[in-house]
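Good morning, colleagues. Please look at the fold on the screen while I go through how its helices and strands are arranged.

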Amino acid sequence: MDNLTRRIAGFAAEVKYNQLPQSAVAAATRFIVDSLACAIAARDCDSAKMGLRLARGAAPERFPGRIICHGERASAESATFVNTAMIRNLDFNDEYPGGHPSDCLGAFLAIAEAANADGHRLIESLVIAYELFIRLSDATGLRYKGWDQGFAVGIGTAAGVGHLLNFSPEQLAQAIAIVAVANVPMRNTRAGELSLWKGAATAFAARNGVFAALLAGEGMSGADKPFEGKHGLWDLITGPFELQALPTEGGPYRAPEVRLKYWPVEYNGQLPVWGALELRAQADWRALTDIEIGVYTFCYTEIGSEPEKWDPKTRETADHSLPYIFAKVLVDGTISLAAFEETAYGDPALRPLMNKIRVYLDKEVDAIYPKTISMKIKATKNDRSVINLWPRDPLGHVNRPMTDEDVQKKFIQTVEPVYGRDKTARVFERWWKVKDASTEELGVLLALLDDKR
């Protein structure tokens with residue numbers, strides 16, 4: 001077993017609720033509630049429906065998984081896929097540079113009851129997943145090498161599930177080794193015209209993490225040195241890297257650094273919404289002849305460089321299109337889930353305004369990312385006057401965090417159309433106290449999510 005596998009496994013085995021700082025517990029609670037809002041709003045999304053059709057009738061005697069919002073049971077790995085597909089579908093869940101650590105949560109919700117977990121243990125597992133996701137994303141730089149976030153999701157999921165199931169450090173190490181060598185997805189998922197798979201890829205990765213953990217629990221052994229050995233991650237993809245000290249090694253708890261989204265667009269699109277609102281307050285969009293937008297590298301490559309982003313033909317491409325998001329907000333004065341219905345993103349009347357937008361990589365903006373997220377806007381009007389703006393740090397960034405009240409507001413606005421006012425309030429109130437739930441009470445909280453008003 002290599003040293004990195006041993007360190008990750010030891011951390012996942014050693015985390016205890018009474019040793020967690022209050023900031024980590026509070027952050028984990030916000031992440032759970034925020035992710036549930038995303039899942040409830042997307043309960044009928046296409047990828048979840050597909051997973052449901054395949055999952056039905058397959059609940060095993062051991063480790064049955066709960067499919068949230070639907071009141072159904074399936075294998076733990078199938079339930080994980082459906083749960084995560086719902087959390088992920090709207091691209092409204094949390095973000096850390098490198099991906100979405102809350103994509104691991106669907107697994108923990110699926111298997112919590114089978115693991116006889118209580119609220120404390122659920123929080124522990126989530127913190128484990130987040131701490132690993134953050135460190136692996138920072139250390140590996142996989143997204144810059146053409147590999148996707150599913151690698152960190154798989155490891156975070158396997159570690160968190162193993163913790164829920166009270167695995168030994170040896171069992172955890174085997175689970176991590178299995179998923180590490182078998183789950184290194186390509187980033188082509190997020191290039192060009194985006195498909196349904198964009199929102200389901202990490203659901204697949206989390207599913208793999210669950211199955212790796214269950215196999216390890218049954219005695220399956222994994223690769224000996226998945227990170228540091230011959231043909232391992234270091235050898236084939238990343239080169240050697242140093243993983244920041246984990247909290248049980250004296251390192252900081254970094255989960256509170258994960259950012260929440262105020263608007264229902266992917267994270268790089270958050271600031272463009274605020275920027276468009278600021279521009280809209282100073283000029284009528286009909287009076288604009290040219291809009292230049294300077295962004296950082298990841299924003300440019302993710303939502304502002306490919307021709308498909310100027311003519312989105314899928315929901316997934318539209319919510320990864322800076323020109324569409326910016327133009328839509330200029331015209332409507334806001335952006336909502338309705339903006340990603342086909343009639344909205346396919347509207348030909350918006351294309352002339354989108355074609356006035358030019359996105360470029362700005363060195364000053366790039367130099368201060370990610371500590372500060374910013375963009376430069378230069379808008380030219382019909383009378384040749386120019387408006388220059390430099391907005392920074394969208395609401396939800398660590399420099400401008402969403403408050404508990406903001407999280408509650410987002411939950412209510414997102415969930416009420418599905419559950420109605422009374423049930424929405426009840427779900428929020430009960431889940432906001434999830435950390436105090438007993439094993440029995442956690443089962444009740446999960447059942448409360450079933451779509452019965």
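Helix H14, residues 322-332, lies across E3, E4 and E5 and runs at about 130° to E3. Helices (H or I, at least four residues) and strands (E, at least two) are DSSP runs numbered from the N terminus. Angles run from 0 to 180 degrees between N-to-C directions, with axes fitted to C-alpha atoms, for helices over the stretch in contact. The model is predicted: local features need pLDDT of at least 70 and side-chain atom pairs pLDDT 80 or more, while totals for chains, interfaces and linings use all residues. Residues are numbered from 1 along each chain as its sequence is written, and side-chain values use heavy atoms, without hydrogens or water.

Helix H11, residues 270-280, lies across E3, E5 (376-381) and E6, at about 145° to E6.

The open sheet beneath our discussion has four strands in the order E4-E3-E5-E6, with mixed pairing; two strands pair if DSSP finds at least two bridges between them. Its edge strands are E4 (357-361) and E6 (386-389). Strand E3, residues 288-295, pairs with E4 in the parallel sense over five bridges. Within that pairing, Glu292 has Arg358 of E4 as its bridge partner.

I turn now to another helix pair. Helices H19 (421-431) and H20 (439-448) pack at an angle of about 150°, their axes 10 Å apart. H19 is therefore roughly antiparallel to H20, a term for angles over 145 degrees. On the H19 side, the contact (heavy atoms within 4.5 Å) includes Arg426 and Trp431, and on the H20 side it includes Leu442 and Leu448.

Conventions. Angles under 35 degrees count as roughly parallel, over 145 as roughly antiparallel, 65 to 115 as roughly perpendicular and the rest as oblique.
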